[in-house]
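Reader: I am new to reading protein structures, and I would like to understand what the usual words rest on. Could you take me through this one, giving the definition each time?

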Amino acid sequence: MRASRALAVTATAFAAVGLAAPMAAATNGPSNITVNPYSVHQGATMKVTAQGCGHGGKVWSNAFPTTELSAGGTGYARVHIRHNTTPGHYNLSVKCHDNSRIETHKFTVLAGNGARGGLGGSMGPSSVEMQVGGGLVAAAAVGGAVFLVRRRRTSHAAF
């Protein structure tokens, strides 16, 4: 009797999971759209994320070309803002491949190219910088030696 009850509970659990799986896979279109950063400079890159596009989708705007949205629970795309985009407020649109619904989100384009981080100290000094540094060290060594030699002579003369 206990085995049949356990079997019935197990079968009910599997049936509930089996019936819920198609509903979990179904999407209602894009939702929870976010952009990072919200304010982006001309020519810069912005990340767009959207939930609900299990089979991917596309993202487009007047400020950047149409870009593919990755597949998965939360899809993302890296979009490149055109260099000649006029600064101001823009809307982007997201559409999933498996749904006809379109959602929009706002973002701002700023004037200029923004900060160029560059290499930031990841490069070593050039040969000119090494020669200048070596010359300064040599000058300090000569000046220190002259100071010590002169000081010794005057201190010996006093005794």
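**Terms and what they rest on**

Author: In the protein chain, 53% of the contacts with a separation of 6 or more are between residues 24 or more positions apart, where contact means heavy atoms within 4.5 Å. This is a predicted model, in which local features need pLDDT of at least 70 and side-chain atom pairs count only at pLDDT 80 or more, while totals for chains, interfaces and linings use all residues. Residues are numbered from 1 along each chain as its sequence is written, and side-chain values use heavy atoms, with hydrogens and water left out.

Reader: How many helices and strands does the protein chain have, and what makes a stretch count as one?

Author: Helices (H or I, at least four residues) and strands (E, at least two) are DSSP runs, numbered from the N terminus. By that rule the protein chain has two helices and eight strands, and from the N terminus on the order of elements is α-β-β-β-β-β-β-β-β-α.

Reader: What makes strand 4 and strand 5 a pair?

Author: Two strands pair if DSSP finds at least two bridges between them. Strand 4 (residues 57-61) and strand 5 are joined by three bridges and run antiparallel, so the condition is met. In strand 5, E68 is the bridge partner of K58.

Reader: Why are strand 2 and strand 5 said to stand at the edges?

Author: The five strands of an open sheet with mixed pairing follow the order 2-8-7-4-5. Strand 2 (39-41) and strand 5 (67-69) each have a single partner strand, so one side of each is left without a neighbour in the sheet.

Reader: Why is A63 called buried?

Author: Buried means under 20% relative accessible area, exposed over 50%, and partly exposed in between (1.4 Å probe, protein chains only). A63 has a relative accessible area of 0%, and is therefore buried. A63 is located in the loop between strand 4 and strand 5, and, leaving aside residues up to four places away in sequence, A63 touches H80, I81, R82, T85, Y90, F107 and V109. Of the 159 residues in the protein chain, 21% are buried.

Reader: Which residues form a nonpolar patch on the surface?

Author: Patches are made of residues with over 30% relative accessible area and no salt bridge (a side-chain nitrogen of Lys or Arg within 4 Å of a carboxyl oxygen of Asp or Glu); like charges are joined within 9 Å, and nonpolar side chains (Val, Leu, Ile, Met, Phe, Trp, Tyr) within 5 Å. V128, V132 and L136 form such a patch, with about 300 Å² of accessible area together, an area that comes from the Shrake-Rupley method with a 1.4 Å probe, where for residues only the protein chains shown count as cover. V132 lies in helix 2 (residues 127-158).
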